[in-house]
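User: Please take me through this model by setting each computed value against the definition behind it.

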Amino acid sequence: MALTPTRSAAEALDSQDPLAHKRDEFFIEEGTIYLDGNSLGPAPKAVFDSIDRTMREEWAKGLIRSHNTAGWFMLTDTLGDRLAQLLGAGEGEIVVCDTTSLNIYKTLHAALSMKPGRRKIVAEGTSFPTNLYMAEGVRSTLDGATLALEGRDGDRIEDMIDADTAVVMLNHVDYRSGVIRDVKALTKLAHERGALVMVDMCHSAGVIPVDLHDLNVDFAVGCTYKYLNGGPGSPAYAYAAKRHHGKFTQPLSGWHGHAAPFKFEQSYRQGEGARALLCGTQHTLSMRALQSGLAVFDDVEITDLYSKGRALSDLFVQLVESFADDFGIGFYSPKDGTLRNGQVSLTHAEGGYAIVQALIARGVIGDFRQPNVMRFGFTPLYLRFADVWDAANHLHEVMRTEEWKEDRFNVVNTVT
């Protein structure tokens, strides 16, 4: 079966792509079609020189002086302000630090500290598991605190926000399906009912337009190793709206969050602004890697990224739709590109895991999520329309030949 549109049509789209030159800024091995940037972005070529310079010049020669002369100590703030430009936040509202899990813990506590008469956290039952685990951890530290989950304790999160709700924890984008949630409307409702909102931006920052001021959320967190291409284990970030600065506390009161960290006072005094969300010494090498990832966005309009990302994923949907029913492939993501972040998730009742492994063997790298979801991320910075066509064609061949049924593709791997 010949797929339509044709590969020539996809190549024609590549020839008109205003972002085509950005691919050259990434290291992508020949023969690899990388559709897993929604889990881990590829390496920007600039990162190799940056890390080498940090190690050979700043660390080896500068030694301790580099905390000042190379700006190590304030990377939490300088990178936070750079990230704020992508996320519609203001100067001093974002700090880059720690992990998403730790930042969830800190921001949930911060929100609860501002609502002393309320003890309920409301969240989506379909949240990425670490979000729920951290919320459980927060609940365990506060007498009378409760955690209510949409889908378990109620059908709609809108109906679960009541007079005892201190904070609503939302995901801007669902990690399995790529569906974009109406955070702005939910935030407005939560505020009307006296609650605060903390939003997870892990699957939206760097791929769809985000304006934290317009969304009017109170706190936000996110990772930087997906669409922001910061590298494996790169630091996360935390946002606190300026209107709340000086009004919240959080329990991880480490020395970097102190108002005067180098006075070495015996008791803790909270720092100003979002710096109050800092804890201990941060990882400088990972910060430098993230700096290279963020630099890729310097000459890019996020609306252009979104437009191309939608077009890439729409092409994939169109191609797969032509043979999906023949092989029992379902669409977990909505087919309407306006409802998702560019990610397309498919299902297969029998072979989801094995199908992904068969594609990986062919150089098409996606990932699998239990129970039967095959995820494919269409990152516009480095993907070509011809890549999308080739990926769909490989999927068709894997299904047509029943290649996925081979024993070698049914050995469970803990990552994909």
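Analyst: A salt bridge here is a side-chain nitrogen of Lys or Arg within 4 Å of a carboxyl oxygen of Asp or Glu. This is a predicted model, in which local features need pLDDT of at least 70 and side-chain atom pairs count only at pLDDT 80 or more, whereas totals for chains, interfaces and linings use all residues. Residues are numbered from 1 along each chain as its sequence is written, and side-chain values use heavy atoms, with hydrogens and water left out.

User: Why is the contact between R7 and E11 called a salt bridge?

Analyst: The side chains of R7 and E11 meet with N and O 2.4 Å apart, and this lies within the 4 Å limit, so the pair qualifies. R7 and E11 are four residues apart in helix 1 (residues 7–15), which places them about one helical turn from each other; helices are DSSP runs of H or I with at least four residues, strands are runs of E with at least two, and both are numbered from the N terminus.

User: What makes R7 and E11 partly exposed rather than buried or exposed?

Analyst: Buried means under 20% relative accessible area, exposed means over 50%, and partly exposed is what lies in between, with a 1.4 Å probe and protein chains only. R7 has 29% and E11 has 39%, so each falls in the middle class.

User: How do you know that E57 and K61 form a salt bridge, and which exposure class does each belong to?

Analyst: The closest N and O atoms of E57 and K61 are 3.4 Å apart, which is within 4 Å and therefore meets the rule. E57, at 38% relative accessibility, is partly exposed, whereas K61, at 53%, is exposed.

User: What makes R269 and E265 a salt bridge, and how many salt bridges does the structure hold?

Analyst: The side chains of R269 and E265 meet at 2.8 Å, N to O, and both residues are partly exposed, R269 at 39% and E265 at 32%. Salt bridges that share partners also join R7, E11 and D390 into one network, and the structure holds 31 salt bridges.

User: Why are C202 and C223 not called a disulfide?

Analyst: A disulfide is a pair of cysteine sulfur atoms within 2.5 Å, and by this rule the count comes to zero. The cysteine sulfur nearest to that of C202 belongs to C223 and is 3.6 Å away, so the pair does not meet the cut-off. C202 is buried, with a relative accessible area of 8%, and C223 is buried as well, at 3%.

User: Why is R275 called buried, and which residues is it in contact with?

Analyst: R275 has a relative accessible area of 17%, which is under 20%, so it counts as buried. R275 is found in the loop between strand 10 (237–240) and helix 10 (284–295). Contact means heavy atoms within 4.5 Å, and, leaving aside neighbours within four places in sequence, the contacts of R275 include F73, D77 and H256.

User: How do you know that strand 5 and strand 6 pair, and what makes strand 6 largely enclosed?

Analyst: Two strands pair if DSSP finds at least two bridges between them; five bridges join strand 5 (residues 120–124) to strand 6, so the requirement is met, and the two run parallel. E124 stands opposite E150 in strand 6. Four of the five residues of strand 6 (residues 146–150) are buried, so this strand is largely enclosed by the rest of the structure.
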